[in-house]
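Welcome to a short tour of one protein model. Please have the sequence and the coordinates open as you read.

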Amino acid sequence: MEAMERNRALSSAARFRVRPEASEWGYNWEYAECGTPKPTPREGYGTMWMVANNSDSALEDVKLFFTSCSKQLRVKLYSIASSDDDDDDDEEERFKVVRLGCGRDAPPLLTGRINGSADNMDPNVGKYAEFVSTSVEGLALMKQIQAVSSPNRTTVIEHSIGILPVSLGYKLIVITGTGPDKKEGESVTDNMALSTRFQLFDGSEEIARCHLSYTDGSFDPSMGPTIEQMVVKQSKRGFGILKLLWHWVRCFVEENFRIECLNNDAPLGHIMVKATQLTGAEVEIRTRKNCDNISVSDKDFFFKYLGFSVKEQKGIMAAMMAGGSGRPQDEEAVIYIPLLSPAEHVIRARGGRGDEPTRMDGKMKKQHGNKVCERCRKAGSRDELSACAQCKSVWYCGRECQKSDWKIHKVWCGKDAHELHDTMIAKGRRHQNSDGTWVDIVG
C-alpha cells in the first residue's frame, strides 16, 4: 500500500509539482481539455444558460418560464424525445423553442437540454438549461429572454470575433465559438465545446494568450467560466503583461457572463471564475528592483498574485482526493468576482469601463488566496497553514500532517526537473519510447 502511494506521488510530482523547462508559450495550444482549441465564430450562433433549481424539477422550471412568457416572447417550448442512439434515458431532457402558432414540427429557433444529474454534478450547484441558436432570429430571441429573465439567472454568449478596446497601444482579439465544421471524410477528435480565445498583440506580434472555456470537465462541474491556459510569450516575459491580460479577461467575463454562482461557499451576487489544469509551467517573469528575475508559474500567478484560492472539491472529486488519487488539490483555483448591476451593464455597453490599466498595474504584487494542507486537504489562509521550509511549494496545517507526509514529499522536495527525471528512471516509473519521448508509469 505504501509503495503504491509513493508511486502515485512520483507521478504527481512529475506531472504537476516540478516546473518543466520554459518554452515559447508553455502550453500546447492545439489541445484543450474543456472547450474547443479552435473556436469558430458563426453569424447568428449563440449559447444561453438558464439556472434552474437544486431539485429534479429543473425541466418544470424551464417550462414554467416559457409558459409565463409565451405571449410576450411569442414562442413555445416543446420537449424532444431522445433518439435510439442517445444514451439519455429521460425523453424530457431535450427540447426546442419555436414561434408561437407554428406547431411542434416547425424549425426551431433554439434547441436545448438540461445539464447536471445526480451522479456527476457538484452537490451545491443546481441543474441548468443550455440553449443553442443557429440563426440571427434565434440569437435575437436569446437576448430578449435574457432581458425578461430574473436577474443573475440567464446569460447569453454570442459566437463571434471582435477586437476588445484596450490601452497601452495593444490590440486584443477575442474569438468565441464551438469547434470548426467537420470536413467530408474527416473524423472529429478535438473537443468541440464552446470556448473563447484571447490573443494580445503588440503591433503585428502576438505577445500573450488566454483560453477560456465554460465547462470545467471535472466530475463536479460548476457554473462559471474556466481558464485553462494563460501565458505570456517567453521573449515578452518580465514586463507585467500577464496581469494586464487578466484585467481584460476579467472585463470580458463581467460584461458577458451574468449568472450568479449558487455554491454554498460563494458570496451572494458573485460569478465563479476557475483556473484549471495548473501544472507549474512558467507563464511570466517577475522583475524585482535589484534586477533579479523570478520565474512565475501558473500556480504562482493565480494563487500568489491574483488572490485565487484552492478549489475545495465536493462529491465524487472529494472522494477521489481522499482516496489518494495522486492528483494535487492545487491543480484547480477559484475566485469569486461581483456581478455587474443592470446600470453598470448599460455603462459598459456604452464604452464606459472606467480607468484603463497602466504599465504600473502590470506589476506582480502579491495577493494570496487560500491554500490547502497537502496531507489532510484542509483549506486555510497563509496565517493558518505553513509552507515547507525547503521547497516552499506545499503547505501543511500543522506539524503532525507535515511529519506524516514526509515519506512521500521527500521524494521530490527541492528537486528540479532534471533531478526528478533521474529519480523516476531509477525507480522504474519513467520509460523511454522508441521515438525518444518519455512516458510516466502510473499505478
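Let us begin at one residue: Ile271 is buried, because its relative accessible area is 0% (buried means under 20%, exposed over 50%, partly exposed in between, with a 1.4 Å probe and protein chains only). Ile271 sits in strand β12, residues 270-275; helices (H or I, at least four residues) and strands (E, at least two) are DSSP runs numbered from the N terminus. Setting aside neighbours within four places in sequence, Ile271 has contacts (heavy atoms within 4.5 Å) with residues including Pro225, Val253, Glu254, Phe257, Ile335 and Leu339. Phe257 lies 14 residues from Ile271 in sequence, with 7.8 Å between their C-alpha atoms.

A word on the source: this is a predicted model, in which local features need pLDDT of at least 70, side-chain atom pairs count only at pLDDT 80 or more, and totals for chains, interfaces and linings use all residues. Residues are numbered from 1 along each chain as its sequence is written, and side-chain values use heavy atoms, leaving out hydrogens and water.

How confident is the prediction? The mean pLDDT (the predictor's confidence in each residue, from 0 to 100) is 78, and 74% of the residues reach 70 or more. Among the elements, helix α1 has the lowest mean and strand β8 the highest:

| Element | Residues | Mean pLDDT |
|---|---|---|
| Helix α1 | residues 2-17 | 51 |
| Strand β8 | residues 171-177 | 96 |

Over residues 84-92 the pLDDT is below 50, and that stretch has 10 contacts beyond near neighbours in sequence. Residues 118-124 are also below 50, with 23 such contacts. Where pLDDT is low, the predicted coordinates should not be read in detail.

Now for the interior. The largest nonpolar core (buried Ala, Val, Leu, Ile, Met, Phe, Trp, Tyr and Cys residues joined through side-chain atoms within 4.5 Å) has 53 residues, of which Met230 and Phe302 touch the most other members. Helix α5 gives the most to this core, with 9 residues. That helix covers residues 241-256 and reaches 23 Å from its first C-alpha to its last, close to the expected 22 Å (1.5 Å times one less than its number of residues). Of the 16 residues in α5, 13 are buried. Another core of 22 residues lies apart from the largest one, with Met48, Leu73, Phe95 and Val97 among its members.

For the protein as a whole, there are 10 helices and 22 strands, and 48% of the 443 residues count as buried.
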